[in-house]
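Please find below my notes on this model, set out as numbered points. They begin with the overall arrangement and then turn to local details that deserve a second look.

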Amino acid sequence: MRKQEPEEANRNVNMETATSDQSLITILDDIKSSKLPAVINYGASWCGVCSQTFPAFQELSSSFKRIKFVYADIDECPETTLHIRYTPTFQFYRDGEKVDEMFGAGEERLHDRLWLLS
């Protein structure tokens, strides 16, 4: 997965990237204590499907402003992502609880789940 340039990151203020196990733990704690819905995209830099899906995930983060978007590379967060068996995996949270999970690509499927979450 290519890294966002600072200018590009500023356009997607609704998306946060976990850069380490500790940062993902902090993000998960924030999600669990928040009432805002959230989605976490677990991917990997070597995953072709993840690379194809990521631009759509970024774009959706701009469309669904009331949902917190998070990207976590399983290689950068190895301890906290041991439970992830497929990339990409999307986990959806509402009121601090995981309410749904989606494996694999599918922009339309992802959009529909985000719409239901919002």
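Helices and strands are taken here as DSSP runs, with at least four residues for a helix (H or I) and at least two for a strand (E), numbered from the N terminus.

1. Overall arrangement. The model is a predicted one, and with elements assigned in that way the protein has four helices and five strands, which follow the pattern α-β-α-β-α-β-β-β-α when read along the sequence. Buried residues make up 44% of the 118 residues, and among contacts between residues at least 6 apart in sequence, 69% join residues at least 24 apart.

2. Confidence. The mean pLDDT of the protein is 90, and 89% of the residues reach 70 or more. The exception to keep in mind is the start of the chain, where pLDDT stays under 50 over residues 1-10, although the model has 13 contacts beyond four places in sequence for this stretch. Where pLDDT is low, the predicted coordinates should not be read in detail.

3. Helix 2. This helix covers residues 21-33, and its 13 residues reach 18 Å from the first C-alpha to the last, close to the 18 Å expected at 1.5 Å a residue. Its buried residues are D21, S23, L24, I27, L28 and I31. They lie on the same side of helix 2 because they cover an arc of only 160 degrees around the axis, whereas Q22 and S33, on the other side, are exposed. In general, an α-helix has 3.6 residues a turn, so residues three or four places apart point the same way. The cover over the buried residues of helix 2 includes strand 1, strand 2, strand 3 and strand 4.

4. Helix 3. Helix 3 has 16 residues, 48-63, and reaches 24 Å between its first and last C-alpha atoms, close to the 22 Å expected at 1.5 Å a residue. The helix nevertheless carries a kink of about 30 degrees at F54, shortly before the proline P55. F54 is itself among the buried residues of helix 3, together with C50, T53, A56, F57, Q58, L60 and S61.

5. Strand 2 and its neighbours. Is strand 2 enclosed or open? It is largely enclosed by the rest of the structure, because six of its six residues are buried. Both faces are covered, with A38, I40 and Y42 buried on one side and V39, N41 and G43 buried on the other. Six bridges join strand 2 to strand 3 in a parallel pairing, in which V39 stands opposite F69. Strand 2 is also joined to strand 4, here by five bridges and in antiparallel fashion, with F90 of strand 4 as the bridge partner of N41.

6. V70 in strand 3. V70 is found in strand 3 and counts as buried because its relative accessibility is 0%, the cut-off for that class being under 20%. Its C-alpha atom is separated by 4.6 Å from that of I40, although the two residues are 30 apart along the chain. Leaving aside neighbours within four places in sequence, V70 is in contact with M15, E16, I27, I31, V39, I40, N41 and F57.

7. M15 in strand 1. One of those contacts of V70, M15, has its place in strand 1, residues 15-18, and is buried with a relative accessible area of 10%. The C-alpha atoms of M15 and E59 are separated by 10.0 Å, with their positions 44 residues apart along the chain.

8. Strands 4 and 5. Strand 4 is mostly covered, with five of its six residues buried. It is joined to strand 5 by six bridges in an antiparallel pairing, where E101 of strand 5 is the bridge partner of Q91. The two strands form a hairpin with two residues between them, and D95 in the turn has a positive phi of about 50 degrees.

9. Backbone geometry to check. Most residues other than glycine have a negative phi, and most peptide bonds are trans. Against that background, D95 has its positive phi although it is not a glycine, and at 42% relative accessibility it counts as partly exposed. A cis peptide bond joins T87 and P88, with omega at about -5 degrees, and P88 has its place in the loop between strand 3 and strand 4.

Definitions and conventions
Residues are numbered from 1 along each chain as its sequence is written. This is a predicted model: local features need pLDDT of at least 70, side-chain atom pairs count only at pLDDT 80 or more; totals for chains, interfaces and linings use all residues. Side-chain values use heavy atoms; hydrogens and water are left out. The expected span of a helix is 1.5 Å times one less than its number of residues. The bend at a residue is the angle between axes fitted to the seven residues ending there and the seven starting there. Buried means under 20% relative accessible area, exposed over 50%, partly exposed in between (1.4 Å probe, protein chains only). pLDDT is the predictor's confidence in each residue, from 0 to 100. Contact means heavy atoms within 4.5 Å. The arc is that of the directions from the helix axis to the C-beta atoms. Two strands pair if DSSP finds at least two bridges between them.
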